[in-house]
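Q: Please take a close look at one part of this predicted model, namely an aromatic pair and the strands and cores that surround the topic. A connected account for a first-year student would be welcome.

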Amino acid sequence: MTVLSLMLVLSAGPVVGPLVPLDAPVVGPSRAGNGLAFARGVSGGGVGLVVWVDTRVSGSNRKVWATRVDAMGAPLDKPFLLVGDAYGVAINQAPRVAFDGTNFVVVWIDPTQRSLMFRRVSPQGVMVDAAPRALVTFTGNTLNGPMIASDGAGLTLITW
């Protein structure tokens with residue numbers, strides 16, 4: 001009886017919600033051989049923010065870049081916003097971003113500086129922090145990519 005009851009519970013699928021159609025992808029500007037990393041994006045404050053790492057200006061030194069995008073996915077910031085240096089970031093490790101209800105929070109690990117870095121960007125494209133800030137400095141060699149989440153009411157959780 002218990003087994004049968006358990007099977008009935010497991011046979012019902014969870015209610016996730018209605019299907020939501022996705023927009024067609026928007027291809028961001030790039031150039032061959034620029035070392036473009038995987039981009040991440042999030043929306044809030046009436047715009048979206050897309051962040052990535054590449055060697056666009058510096059040639060070989062990686063930097064964290066961002067652009068706000070409108071509802072159609074078109075970049076709003078030209079030139080792009082320079083968030084910070086990312087010398088040691090692996091090219092396949094994209095920075096993470098969340099919207100805390102007021103600002104976007106961009107976070108990345110820079111192995112060269114042995115630090116978990118972050119910087120806030122307003123929905124108007126203004127850097128809230130004068131420079132990237134180190135959240136924590138590591139002493140070991142193992143650095144894992146950060147994860148970030150926000151409740152949208154001013155609290156942001158960053159794990160690594």
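A: Trp52 and Phe80 are both buried, each having under 20% relative accessible area. Together these two residues form an aromatic pair of the edge-to-face kind. Their ring centres lie 5.0 Å apart, and the angle between the ring planes is 90 degrees. The count of aromatic pairs in the predicted model comes to two, and the pair of Trp52 and Phe80 is one of them. This pair links distant parts of the chain, since Trp52 belongs to strand S2 whereas Phe80 lies in the loop between S3 and S4. The two residues are 28 residues apart.

Strand S2, which carries Trp52, covers residues 47-54 and pairs with strand S1, residues 40-44. The pairing is antiparallel and runs over five bridges. Within this pairing, Val42 stands opposite Leu49 of S2. Two residues lie between the strands of the S1 and S2 hairpin, and there Gly45 adopts a positive phi near 65 degrees.

Leu49 leads on to the nonpolar interior. In soluble globular proteins, nonpolar side chains tend to be buried together. Here the largest nonpolar core contains 16 residues, and Leu49 is among those with the most contacts inside it, along with Val64, Phe104, Val106 and Trp108. At least two residues of this core come from each of S2, S3 (63-69), S4 (81-85), S5, S6 and S7. S2 provides the largest share, with four residues. A second core, separate from this one, has nine residues, including Val107, Ile109, Leu116 and Ile158.

Strands S5, S6 and S7, which supply residues to the largest core, also belong to an open sheet of four strands. The order in this sheet is S5-S6-S7-S8, with antiparallel pairing. Strand S5 (96-99) and strand S8 (133-137) each have a single partner strand and stand at the edges, so one side of each is left without a neighbour in the sheet. On average, neighbouring strands of this sheet are turned by 25 degrees against each other, with direction ignored. Strands of a sheet pair through backbone hydrogen bonds. Between S6 (residues 104-110) and S7 (residues 115-121), the antiparallel pairing extends over seven bridges. Phe104 has Val121 of S7 as its bridge partner, and Phe104 is also one of the residues with the most contacts inside the largest core.

Notes
Residues numbered from 1 in each chain as written. Predicted model: local features only at pLDDT ≥ 70, side-chain atom pairs only at ≥ 80, totals over all residues. Heavy atoms only, no water. Pairing = 2+ DSSP bridges. Axes fitted to C-alpha atoms, helices over the stretch in contact; angles between N-to-C directions. Core = buried A, V, L, I, M, F, W, Y, C linked by side-chain atoms within 4.5 Å. Buried < 20%, exposed > 50% of the residue type's maximum accessible area, 1.4 Å probe, protein only. Phe/Tyr/Trp six-rings, centres within 6.5 Å; stacked < 30°, edge-to-face > 60°.
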